[in-house]
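Q: I am new to reading protein models and would like to take a close look at a single part of this one. Please walk me through it slowly, and then show me how it sits in the rest of the chain.

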Amino acid sequence: MKKAVKGNFGYLNTKRTQVIIRTVLFFGISIALYIAGYVTNGNNKNLLTIVAVLGLLPASKSLVNMIMYLKAVGCSADAEQKIKALEGRLVGMYDMYFTSYKKNFPISHMIVEGNVILGYSERSDCDCRACEEHLNAMLKQSGFKDMTIRISDDLNTYCEQLKTLNNKEPNNHPQKDDEVRVVLYDISL
């Protein structure tokens, strides 16, 4: 099975498949244990029933993860082709899905360069301003202040922003960019 790496194109689709398989397997094991205990003893008052019920805990947790991954939407192939051509020296992050208490934010692509974070969401229902505020608050909690975050839901605007950022002088602190990326990976699905 293909390995899912956060930030790579297709991450959410690969992870979704893995979580579905894992969830079905976990529930299947618990059901099989319960049936085996019932068949061997003629009732459900046995040790295998207890093991089967305890096995439902990780299965249920996996089910919650599966629901989240089913809701998450990644970057389309068309957008990926247009964006990939404009990335240049910039390090792109694909299929980012941020969650907050009130809303979820599907971000198809992001760039971190110095104090600038650019993002693009293909979903028209993504509240770009709320996403900017959420990411800004999360980065401040992690010690990154004075970050300029711009999330766009228009591909042409985002491509122009990428061109402009690519034409600027390269950032002299790539380690800081990596640290910001790690925080963004940590707070995304």
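**A close look at one residue and its helix**

A: Leaving aside the neighbours within four places in sequence, Ser30 is in contact with Ala52, Gly55 and Leu56. Please keep in mind that this is a predicted model.

Let's start with where Ser30 is. Ser30 belongs to helix α1. Its relative accessibility is 4%, and the cut-off for a buried residue is under 20%, so Ser30 counts as buried. Its contacts Ala52, Gly55 and Leu56 have numbers that fall inside helix α2, which covers 47-71.

Ser30 has company in being covered. In α1, the buried residues are Tyr11, Leu12, Thr14, Arg16, Val19, Thr23, Ser30 and Gly37. What do the buried residues of α1 pack against? Their partners are α2 (47-71) and β1 (92-99).

Now step one place along, to Ile31, which is also in helix α1 (residues 11-41). Is Ile31 covered in the way Ser30 is, or partly exposed? Ile31 is partly exposed, because its relative accessible area is 49%, and values between 20% and 50% carry that label. Ile31 also belongs to a group: together with Tyr34, Ile35, Tyr38 and Val39, Ile31 makes up a nonpolar patch on the surface. The accessible area of these residues adds up to about 500 Å². It helps to remember that an α-helix has 3.6 residues a turn, so residues three or four places apart point the same way.

Next, look at the helix as a whole. How far apart are the end C-alpha atoms of α1? The distance is 45 Å, and this agrees with the span expected for its 31 residues at 1.5 Å a residue, which is also 45 Å. Just after α1 comes Gly42, with a positive phi near 80°.

That positive phi is a good reason to look at two other places. Most residues other than glycine have a negative phi. Asp95 is not a glycine, yet its phi is positive, about 55°. Asp95 lies in strand β1, the strand that the buried residues of α1 pack against, along with α2. With a relative accessibility of 3%, Asp95 counts as buried. Asp146 is also a non-glycine residue with a positive phi, in this case about 60°. Asp146 is in the loop between α4 and β4 (148-152), and at 66% relative accessibility it counts as exposed.

Let's zoom out to the charged pairs. The structure has six salt bridges, and here are some of them. The side chains of Lys84 and Glu87 meet in one, with N to O at 4.0 Å. Both residues are in helix α3 (residues 77-87), and because they are three residues apart, about one helical turn separates them. Lys84 is partly exposed at 46% relative accessible area, whereas Glu87 is buried at 7%.

Helix α4 (residues 128-141) holds a pair with a similar layout: Arg129 and Glu132 are three residues apart there, or about one helical turn. In their salt bridge, the closest N and O atoms are 2.3 Å apart. Arg129 is partly exposed at 49%, and Glu132 is buried at 10%.

A further salt bridge joins the side chains of Arg89 and Glu113, at 3.1 Å from N to O. This pair links distant parts of the chain, 24 residues apart: Arg89 is in the loop between α3 and β1, and Glu113 is in strand β2 (residues 104-113). Arg89 is partly exposed, with a relative accessible area of 34%, while Glu113 is buried at 12%.

Finally, here is the setting for all of this. The protein chain contains six helices and four strands, in the order α-α-α-β-β-β-α-β-α-α along the sequence. Its radius of gyration is 21 Å, well over the 16 Å that the globule rule gives for 189 residues, so the chain is more spread out than a compact globule. The C-alpha trace spans about 75 × 35 × 30 Å along its principal axes. Of the 189 residues, 39% count as buried, Ser30 being one of them. Among contacts with a separation of 6 or more, 65% are between residues 24 or more positions apart. The chain exposes about 10,800 Å², with carbon and sulfur atoms supplying 57% of that area.

Technical notes
Residues are numbered from 1 along each chain as its sequence is written. This is a predicted model: local features need pLDDT of at least 70, side-chain atom pairs count only at pLDDT 80 or more; totals for chains, interfaces and linings use all residues. Side-chain values use heavy atoms; hydrogens and water are left out. Patches are made of residues with over 30% relative accessible area and no salt bridge: like charges are joined within 9 Å, nonpolar side chains (Val, Leu, Ile, Met, Phe, Trp, Tyr) within 5 Å. Accessible areas come from the Shrake-Rupley method with a 1.4 Å probe; for residues, only the protein chains shown count as cover. Helices (H or I, at least four residues) and strands (E, at least two) are DSSP runs, numbered from the N terminus. Buried means under 20% relative accessible area, exposed over 50%, partly exposed in between (1.4 Å probe, protein chains only). The expected span of a helix is 1.5 Å times one less than its number of residues. Contact means heavy atoms within 4.5 Å. The radius of gyration is taken over C-alpha atoms; the globule rule is 2.2 Å times the number of residues to the power 0.38.
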